[in-house]
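Hi there,

Here is the structure I promised to pass on. Have a look at it first, and my notes follow underneath.

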Amino acid sequence: MLKVALIQQRYLDSKSATIAYTKGEILNAARNGAKLVCLQELHTREYFCQSENPQFFDYALEFEEDIATFGKIAKEAGVVLVSSLFEKRANGLYHNTAIVFENDGSVAGKYRKMHIPDDPQFYEKFYFTPGDLGFEPIATSIGKLGVLICWDQWYPEAARIMALKGAEILIYPTAIGWFDEDSAEEKARQLDSWVAVQRGHSVANGLPLLCINRVGFEEDASGVAKGIRFWGNSFAFGAQGELLAQASREEAQTLFVDIDFSCSEEVRRMWPFLRDRRIESYKALLKRFCD
């Protein structure tokens, strides 16, 4: 069994206060036996993609500094740490990037978000270039991690490729929420769909799955819209799609869960979805649409 901690948190009005809270939760998770700690999407700052503001690109100038900071925290805690940071790669070229740290603080690997949304108050295409590292599991001392990011969670292709390349678990740092003006029925539909699609990835691939979401209300800095209420609900599914744990909708919370990687072998023997794939018939997946 591997003890995992999912840190669901609010933005605390400053980067320094937010990182201080995160560090405290990571160290506490380690004291409670966690060997893998996962953070939410873009966890050092507010969700700045609510508006298109060139000044927010300055946040990415701290990418190397952030790597050093969280590498030290991972080493101090002695945990494998999944982070989500804003990367400046070159002038005018930026990525939404997950950095995975080994328990000695070294960088085990990175993943650059592949699917980039462009929706009202989720204007990520303004900031992020689609990733070019592909869907490659990151090898760590506790296993091969299939790290994806938020909007990637709606795409079964991403999860499947990670599984086919040997990922032992799927991990999604996330920033998703709803607008207060939406009806209760619409909010319920959105949340149900979000959970259901990720549970499907777990079932279809015979893999445990972790999703770590933000929580709390964040105003739109531009003042054009009211803001987003991030809906929390971070969760963990087992290799058969069984719900292992789920966090609060409204409160910051560190969710602990025990993950048994060996269950994937047992599940895949009984539900041999990978065996029965008709790979010779899937060429249509390489088309944008089959007219």
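Below is what I found, going from one arginine to a helix and then to the cores. Please keep in mind that this is a predicted model.

Let me start with Arg112, which sits in strand β6 (residues 107–112). Its relative accessibility is 7%, so Arg112 counts as buried, the cut-off being under 20%. What does its side chain meet there? One polar contact, at 2.9 Å, goes to the side chain of Glu87, and another, at 3.0 Å, goes to the side chain of Asp132. Leaving aside neighbours within four places in sequence, Arg112 is also in contact with residues including Arg89, His95, Asn96 and Leu133.

Next comes helix α1, residues 15–31. Its 17 residues should span 24 Å at 1.5 Å a residue, and the end C-alpha atoms are 24 Å apart, so the two values agree. Among the buried residues of α1 are Thr18, Ile19, Thr22, Ile26 and Leu27. The buried residues of this helix pack against β1, β2, α2, β3 and β16. Just after α1, Gly33 has a positive phi of about 95°.

Finally, the cores. The largest nonpolar core has 47 residues, and Val4, Leu36, Cys38, Leu145, Ile171 and Leu210 have the most contacts inside it. A second, separate core of 20 residues includes Ile19, Ala77, Val79 and Ile99; Ile19 is also one of the buried residues of α1. As for Leu145, leaving aside neighbours within four places in sequence, its contacts include Leu36, Val80, Val100 and Ile171.

Happy browsing, and all the best!

Definitions and conventions: Residues numbered from 1 in each chain as written. Predicted model: local features only at pLDDT ≥ 70, side-chain atom pairs only at ≥ 80, totals over all residues. Heavy atoms only, no water. Helix = DSSP H or I, 4+ residues; strand = E, 2+ residues; numbered from the N terminus. Buried < 20%, exposed > 50% of the residue type's maximum accessible area, 1.4 Å probe, protein only. Polar contact = N/O pair within 3.5 Å; in protein donor to acceptor, adjacent residues only side chain to side chain. Contact = heavy atoms within 4.5 Å. Expected span 1.5 Å × (residues − 1). Core = buried A, V, L, I, M, F, W, Y, C linked by side-chain atoms within 4.5 Å.
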